[in-house]
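Here is a small set of exercises to work through with the model open beside you. Try each task before you read its solution.

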Amino acid sequence: MVHSLRDLDNRSQKHKIRTEVKQRFGGSCAYCGCTPPVLTLDHVVARCKGGFDVRSNLVGACRRCNNSKKSKELWQWWQSSPWWCELRAQRLSSEVLICKVKRS
Ligand SMILES: [Zn+2]
């Protein structure tokens, strides 16, 4: 099957977004702050909860956080986790717009 130029464009665009998102916190996990050998991409609002595949809904997260969070509501999960950090939360809120939605 022949891939069109548009496909290639989309793919390099996706790659660019992934790289940008991972570099947003200097390659460290947005939630716990560790710098794992492999940084995964986490959907802040899980895709099954209607979260989009866009920059403002993606953060770099280590496997531990990603596995622990799964599709849980961000603040609920984060604040009850042992690696909750007010400072990182503020940073994430200012970097990732969609997180501003709810904080009660
Ligand atoms: Zn982490």
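**Exercise 1. Place Trp83 and describe its surroundings.**

Step 1: Trp83 sits in the loop between α3 and α4 (86-95); helices (H or I, at least four residues) and strands (E, at least two) are DSSP runs, numbered from the N terminus.
Before going on, note that this is a predicted model, in which local features need pLDDT of at least 70 and side-chain atom pairs count only at pLDDT 80 or more, while totals for chains, interfaces and linings use all residues. Residues are numbered from 1 along each chain as its sequence is written.

Step 2: Trp83 has 15 other C-beta atoms within 10 Å, so it is partly exposed. With C-beta atoms placed from the backbone, buried means 20 or more other C-beta atoms within 10 Å, exposed means 12 or fewer, and partly exposed is in between.

Step 3: Leaving out residues up to four places away in sequence, Trp83 touches Tyr31 and Cys32; a contact is a pair of C-beta atoms, placed from the backbone, within 7 Å.

Step 4: Gly33 is 50 residues from Trp83 along the chain, yet their C-alpha atoms are separated by 8.5 Å.

**Exercise 2. Work out how the strands β1 and β2 pair.**

Step 1: Read the order of elements, which is α-β-β-α-α-α, with four helices and two strands.

Step 2: Strand β1 (residues 40-43) and β2 run antiparallel and are joined by four bridges; pairing requires at least two DSSP bridges.

Step 3: For the register, find Leu41, which stands opposite Gly60 in β2.

Step 4: Check the two faces of β2: Leu58 and Gly60 on one side, and Val59 and Ala61 on the other, are all buried.

**Exercise 3. Which residues touch the most other members of the largest nonpolar core?**

Step 1: Recall that a nonpolar core is a set of buried Ala, Val, Leu, Ile, Met, Phe, Trp, Tyr and Cys residues joined through C-beta atoms within 7 Å.

Step 2: The largest such core has 15 residues, and Cys29, Ala30, Tyr31, Val59, Ala61, Cys62 and Cys65 touch the most other members.

Step 3: Two or more residues come from each of β2 (58-61) and α3 (74-79), and β2 gives the most, with three residues.

Step 4: Take Val59 as a sample: beyond four places in sequence, Val59 touches Val21, Ala30, Asp42, Val44, Leu92 and Val96.

**Exercise 4. Check the span of helix α1 and how far it is covered.**

Step 1: The expected span is 1.5 Å times one less than the number of residues.

Step 2: Helix α1 (residues 5-23) has 19 residues and should therefore span 27 Å; its end C-alpha atoms are 27 Å apart, which agrees.

Step 3: α1 is hardly covered, with a count of one buried residue among its 19. Across the chain of 104 residues, 20% count as buried.

**Exercise 5. Decide where to read the coordinates with care.**

Step 1: The chain averages a pLDDT (the predictor's confidence in each residue, from 0 to 100) of 86, and 89% of the residues score at least 70.

Step 2: Among the elements, α1 has the lowest mean pLDDT (86), and helix α2 (residues 63-69) has the highest (97).

Step 3: Residues 99-104 fall below 50, and this stretch has seven contacts in the model beyond near neighbours in sequence. Where pLDDT is low, the predicted coordinates should not be read in detail.

Methods: Contact = placed C-beta atoms within 7 Å.
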